[in-house]
Number of protein chains: 2
Amino acid sequence: MSARAGIVVTGTEVLTGVIRDANGPWVAERLLELGLDVAHTTVCGDRPHDMEAQLRFMARQGVDLVVTTGGLGPTADDKTVEVVAAFAGRPLELDESLLERILAIVRPLRERWPDLSEQELVESARKQALVPRGARVIEPAGTAPGFVVPPLEEGGGPTVVVMPGPPRELRQMWPVAVASEEFAHATRNRTRYESQTLRLYGTAESEIAETLRIAEREVPGFGDVEITTCLRRGELEVAARWEPGAAEAWRRTCELIERRHGRRLFARDGERVDDQVAELLRGRRIALAESCTGGLLAARLTDRPGASEYVTGGAVVYSDRAKTELLGVDPALIERHGAVSPEVADAMADGALARFGADVAVAITGVAGPGGGTDAKPVGYVCFCAKRADGAALARDLQLPGDRAEVRDRSTTVAMHLLRRLLDGDRARP
Amino acid sequence: MSARAGIVVTGTEVLTGVIRDANGPWVAERLLELGLDVAHTTVCGDRPHDMEAQLRFMARQGVDLVVTTGGLGPTADDKTVEVVAAFAGRPLELDESLLERILAIVRPLRERWPDLSEQELVESARKQALVPRGARVIEPAGTAPGFVVPPLEEGGGPTVVVMPGPPRELRQMWPVAVASEEFAHATRNRTRYESQTLRLYGTAESEIAETLRIAEREVPGFGDVEITTCLRRGELEVAARWEPGAAEAWRRTCELIERRHGRRLFARDGERVDDQVAELLRGRRIALAESCTGGLLAARLTDRPGASEYVTGGAVVYSDRAKTELLGVDPALIERHGAVSPEVADAMADGALARFGADVAVAITGVAGPGGGTDAKPVGYVCFCAKRADGAALARDLQLPGDRAEVRDRSTTVAMHLLRRLLDGDRARP
């Protein structure tokens with residue numbers, strides 16, 4: 001059996017929903033890549049009793065490794081190290097040389113925080129320089145060190161990896177923790193899994209469910225492949241993980257999916273439509289013309305490093321005046337068909353091509369809601385047009401489900417797929 | 001003692017980090033509003049054994065209510081109802097009338113999913129119409145019903161509220177579950193907490209930590225106020241929750257915070273800078289001019305319903321050509337100072353004011369990275385200009401920490417605060 005791991009995310013602000021946890025999912029992905037089996041993630045507040053209970057739960061579930069995130073700060077509610085030390089039976093000891101290293105980091109920060117006294121500074125640093133006896137110290141990326149805390153004796157419980165809450169610090173310190181002897185020892189029984197992620201656009205979850213039920217009947221060894229399906233931003237993701245012996249079962253399952261949904265399968269190797277579009281845009285210049293998405297499509301395209309090589313710019317044209325002024329859309333056209341119409345989407349795309357001197361343009365205009373819907377054009381009605389400078393174009397108008405945020409987000413996905421098909425030269429309607 | 005609750009989020013895709021959970025935080029906020037004490041959130045995959053273990057953990061921790069999300073779909077890996085039924089000792093029974101109601105929902109969807117056979121459709125619906133004996137059925141918002149499952153006998157364990165995974169469905173069904181007799185009974189011991197959230201901009205977490213240490217020494221009853229602080233998108237949030245008896249302690253703590261950080265305290269009632277800016281923009285028209293943020297600021301402003309009343313539009317000007325073509329920035333100015341410079345930010349704001357006929361404009365140009373940095377203008381260097389049509393302006397140039405995504409996101413926060421101060425008529429540099 002593969003080594004099992006658990007993740008304990010601490011922080012009242014995470015538990016109470018004030019902030020969205022970015023660390024749990026990130027650590028889970030890293031552990032899976034290492035071939036560990038992630039069994040449980042738990043979230044607790046700043047109450048030591050609850051955190052202890054979760055660590056004991058993890059131990060009872062037989063996990064080999066627990067990763068904790070958060071609770072390493074200088075404030076009184078940051079109790080992770082104290083709780084982990086007690087859990088592992090390793091008393092806290094002040095590490096004088098670590099204290100010096102922390103002070104060397106925080107002293108220069110004092111200029112930025114003039115309200116902070118020297119005494120408070122040292123007090124904070126002393127708290128962060130307390131080390132569970134015998135634990136491996138991971139040098140701070142911010143001001144707080146992390147730790148790898150093995151059990152007192154072999155088989156005496158999980159090894160606990162203590163990581164800070166700020167994602168940037170955690171991500172910098174993680175490889176150091178993974179490279180430690182203690183980590184390697186705790187995870188020596190890990191398995192190498194193979195994995196693959198398929199992505200489909202325009203397929204329902206129940207359609208893939210039916211395909212998997214057929215696979216269950218027809219593919220020998222299907223049960224040895226772990227498959228999860230999920231709808232994400234308007235796409236369907238099929239993620240599979242298997243041990244080497246089940247490779248043939250997965251290959252046959254893949255074939256079945258391809259046979260039944262081939263046309264809608266757009267990525268076989270975990271690629272995102274964003275990756276494909278970026279690749280297809282190489283050597284081209286794109287411009288965006290957005291109304292209801294208000295810049296989200298431009299933001300999505302420019303999210304990638306190096307986007308400046310192909311994104312020339314975009315116009316967010318919320319008002320009719322902006323549509324006319326920036327993109328040269330004829331006011332009479334807006335008057336005749338309405339600002340949300342295939343005709344205006346088409347004119348917006350033309351305007352973006354001309355105004356930005358681009359090779360390709362995408363235009364979106366729709367009713368994101370909650371207000372502004374009519375019987376003919378209800379909330380969720382969105383018109384798209386993707387056009388190349390050579391005149392080739394693809395257009396769609398759709399009724400999208402969900403609230404304002406979902407309609408806006410889903411619209412960017414529809415636009416990405418329209419763009420992918422236009423650039424790929426495939427002009428059929430899906 | 002107040003009633004305690006736990007949340008069990010199910011789904012391998014959440015546990016493995018493939019998708020970010022939106023339900024746990026949302027449910028936690030709702031439970032807290034109801035005056036329940038959220039003790040634990042746990043995440044498990046689609047393995048029944050792990051989910052059972054988490055439910056037993058919750059029971060052992062003495063929670064009165066457990067909310068589960070996800071795992072109600074038609075696929076074989078959706079096992080929540082089965083596990084909860086076994087946990088509560090209530091066998092599953094087919095509810096024929098519920099089956100009819102589900103079929104009435106899913107039959108019309110068949111047109112959209114032509115690959116789905118009638119037999120598979122009925123099989124899926126039958127699975128979703130299985131009810132733990134004696135449980136309260138919550139009618140589906142999508143296709144899956146939810147349940148409120150009380151313990152077999154009083155004191156025999158927590159009541160389990162079974163909710164679907166899709167956030168829109170959960171949010172629609174939640175109030176129905178809360179209104180049920182079974183929910184009311186399970187949470188009859190809940191406390192009414194008071195709560196308040198302060199937000200500061202330009203204050204470090206260690207500065208507020210010092211203030212809270214002073215409060216600990218000087219404010220009687222300080223220990224009865226639960227306070228959490230967290231950095232979020234470049235702002236510092238101080239969230240407090242207290243039972244009625246501790247109101248005076250919190251009032252005095254607030255005064256202390258105000259005395260020490262008043263200038264930087266911008267919200268006392270949980271308001272976001274986005275709310276304040278939206279309010280300040282009433283009766284005005286804003287235009288955006290964005291380079292490195294690539295539309296994120298426009299997207300943030302138009303995220304709010306009704307934004308079309310004050311957002312006229314924006315220009316995403318990634319290339320120099322777009323800066324000149326769309327916003328009339330003089331190419332010689334770009335040549336002289338570089339595209340990332342206070343001068344170009346200023347010219348971009350002017351261009352946006354003129355081109356969109358706006359009352360106020362914000363311009364952002366910077367080096368988001370990872371490439372494109374120089375010694376003089378490293379990655380994270382960003383220039384901002386907020387300008388009113390009457391000529392009043394505020395400008396900043398800053399070195400922001402973090403990676404590309406953080407620099408871009410943080411830039412929108414800086415811009416929002418600049419805008420707030422400009423519209424508020426406060427022209428001092430923070």
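Two strands count as paired here if DSSP finds at least two bridges between them, with helices (H or I, at least four residues) and strands (E, at least two) taken as DSSP runs and numbered from the N terminus. The model is a predicted one, so local features need pLDDT of at least 70 and side-chain atom pairs pLDDT 80 or more, while totals for chains, interfaces and linings use all residues. Residues are numbered from 1 along each chain as its sequence is written, and chains are lettered from A and ligands numbered from 1 in the order in which they are written.

On that footing, ten strands make up an open sheet with mixed pairing, running β17(A)-β16(A)-β15(A)-β13(A)-β14(A)-β14(B)-β13(B)-β15(B)-β16(B)-β17(B). At the edges sit β17 (393–399) of chain A and β17 (393–399) of chain B, each pairing on one side only. Neighbours in this sheet are turned by 10° against each other on average, direction ignored (axes are lines fitted to C-alpha atoms, for helices over the stretch in contact, and angles run from 0 to 180 degrees between N-to-C directions).

Within chain B, β13 (residues 286–290) runs parallel to β14 (residues 311–317), joined by five bridges; B:Ala287 stands opposite B:Gly313 there. Helix α15 (residues 342–356) of chain B packs on the sheet, touching β13, β14, β15, β16 and β17 of chain B, at about 145° to β15(B).

Elsewhere, β2 (residues 37–44) of chain A pairs with β2 (residues 37–44) of chain B, antiparallel and over five bridges, with A:Thr42 opposite B:Thr42. Overall, 82 residues of chain B are in contact with 82 residues of chain A (C-beta atoms, placed from the backbone, within 7 Å).

Conventions:
Contact = placed C-beta atoms within 7 Å.
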